Amino acid sequence: MAHILTTSLRRAVTSRSLHTSRILATASSNSLHSQLSPADLQKVETDGNKEGLQKTIKGFGRSRIFRDEKGPTYEHRFLKGPGTVAVVGCPFSGGQGKSGVDLGPNALVERGLLSQLSELGWNVHYEGPAEFDDIPYINPNQPGASNGREVLPDPDIGKMKKPRLVSAVNQRAMGIIRDHAMEGRLPLTLGGDHSLAMATVSGIKAKYPDACVVWVDAHADINTPATSDSGNIHGMPISFLLGLPGTDVAPFSDWIKPCLKPSDIVYIGLRDLDVEEKKILRDLGIKCFTMHEVDRLGVGEVVKKALKHVNPKGERPVHLSFDVDACDPSVAGSTGTPVRGGLTFREAHYICEAIAETGCLVGLDIMEVNPALGDDKSVNETVAVGCSLARAALGETLL
Ligand SMILES: [Mn+2]
């Protein structure tokens with residue numbers, strides 16, 4: 001059953017004294033409006049997201065007291081009203097070969113992300129995870145996904161694996177994200193694998209054509225269908241968004257518009273690049289701050305330079321796409337393609353905090369959390385980091 005949860009913490013523009021909190025819950029065609037207590041909000045997190053959740057994440061959910069005394073920490077330049085974050089769970093693993101990353105969104109919500117964001121002063125809009133099960137292509141990563149429904153063949157296109165599935169899922173997710181952005185909300189997309197950035201960046205760009213992208217990742221995800229070794233589309237979203245040669249291919253070309261220019265994007269945290277990717281990055285002159293620059297300059301200087309490159313006057317909307325594999329595996333090990341030598345816990349959070357301070361954030365991705373990989377400690381820590389990175393990007397401060 002679909003359920004809709006909206007928590008509103010309304011704040012007068014000049015006064016922080018006026019607030020309301022409410023839930024809007026709909027069951028099929030009937031609507032039920034009622035006040036929602038902090039306990040109710042947490043109940044949604046613990047009970048409302050079990051559908052499709054195959055592995056329960058036990059853990060140290062933060063027991064937080066719901067406060068409604070304050071709005072979001074920073075004034076935002078582009079969103080509507082006091083600030084609404086639309087949490088879009090995308091349980092999808094078809095852009096790569098490992099099962100379990102589709103469990104990421106529910107794991108993050110179960111950990112208490114919704115009430116954590118609400119406590120930060122955001123109105124939290126959540127409609128449950130996006131539904132992809134009716135899309136008529138099999139995802140072999142998700143056994144049983146084809147049960148009792150129509151299935152169409154999805155052979156490779158060139159090297160691309162599961163291309164029709166990836167395209168259809170992203171097209172649907174793009175519509176959801178674009179519509180939230182159009183309403184003046186900040187879409188927070190919970191992956192799922194990073195192929196979903198086709199959807200998130202396209203959706204944000206539909207509302208904000210001038211938006212720039214900060215891409216925090218161990219990988220550049222800029223292979224084209226021709227240069228990719230693996231054929232996994234989670235390594236290709238940037239090439240489609242840039243419209244690189246070989247990406248003008250159906251069914252993607254039916255809906256993805258090349259919406260990014262090379263000068264619109266900056267990378268932080270890179271350390272595992274294919275030879276062809278290095279060539280693409282150099283040829284296009286895309287600004288990259290690899291781990292080498294993080295080591296040499298320090299993360300503070302890196303973020304300063306990165307924002308100066310894509311948003312020199314602080315007047316552009318910023319989309320932050322954060323792949324948790326940017327973090328060192330000791331920080332976020334439960335992810336599909338961990339690479340050692342990554343961002344420390346503080347470096348990762350600093351990047352998010354510094355972007356929050358700009359007030360320019362309009363879209364946020366937390367991608368590649370895979371609760372099926374690693375031991376319990378690793379899963380717990382990775383899910384917790386996914387939540388805390390989102391909080392940092394949405395204004396949580398240390399003091
Ligand atoms: Mn990635």
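## A tour from E368 to the α4–α5 contact

Begin in the loop between β11 (361–367) and α11 (376–393), where E368 has its place. This is a predicted model, and in it E368 has a phi near 70°, which is a positive value in a residue other than glycine. If you display the surroundings of E368, you will find 33 other C-beta atoms within 10 Å, and because 20 or more are enough for a residue to count as buried, E368 is buried.

Next, select G336, which sits in the loop between β10 (318–323) and α10. Apart from neighbours within four places in sequence, G336 is in contact with Q96, K98, V101, E368, N370 and L373, so that the starting residue of this tour, E368, appears again among its contacts. G336 counts as buried because it has 24 C-beta neighbours inside 10 Å. Adding A372 to the selection shows a residue that is 36 places away from G336 in sequence, while the two C-alpha atoms are 9.6 Å apart in space.

From there, move to helix α10, residues 345–358, whose 14 residues reach 21 Å from the first C-alpha to the last, close to the 20 Å expected at 1.5 Å a residue. Colour E347, A348, H349, I351, C352, E353, I355 and A356, which are buried in α10. Just after this helix, G359 takes a positive phi of about 70°.

Now select K162, in the loop between β5 (123–126) and α4. K162 is another stop with a positive phi in a residue other than glycine, here near 50°, and it counts as buried because 27 C-beta neighbours lie inside 10 Å.

Continue to helix α4 (residues 163–182) and show helix α5 (residues 197–207) with it: the two pack at an angle of about 35°, with their axes 8 Å apart, and their crossing is right-handed. On α4 the contact is made by N170, A173, M174, I177, R178, A181 and M182, and on α5 by M198, A199, T200, S202, G203, I204, A206 and K207. Nine of the residues in this contact are nonpolar, four are polar and two are charged.

Two peptide bonds complete the tour. In the loop between β6 (186–191) and α5, select G192, and look at the bond that leads to it from G191, which is cis with omega near 10°. Finally, go to P251 in the loop between α6 (237–242) and β8 (265–270), where a cis peptide bond with omega of about 5° joins A250 and P251.

Key. Residues numbered from 1 in each chain as written. Predicted model: local features only at pLDDT ≥ 70, side-chain atom pairs only at ≥ 80, totals over all residues. Axes fitted to C-alpha atoms, helices over the stretch in contact; angles between N-to-C directions. Helix = DSSP H or I, 4+ residues; strand = E, 2+ residues; numbered from the N terminus. Left-handed = near helix turned anticlockwise from the far one by under 90°. Contact = placed C-beta atoms within 7 Å. Nonpolar A, V, L, I, M, F, W, Y, C, P; charged D, E, K, R; others polar. Expected span 1.5 Å × (residues − 1). Buried ≥ 20, exposed ≤ 12 C-beta atoms within 10 Å, placed from the backbone.
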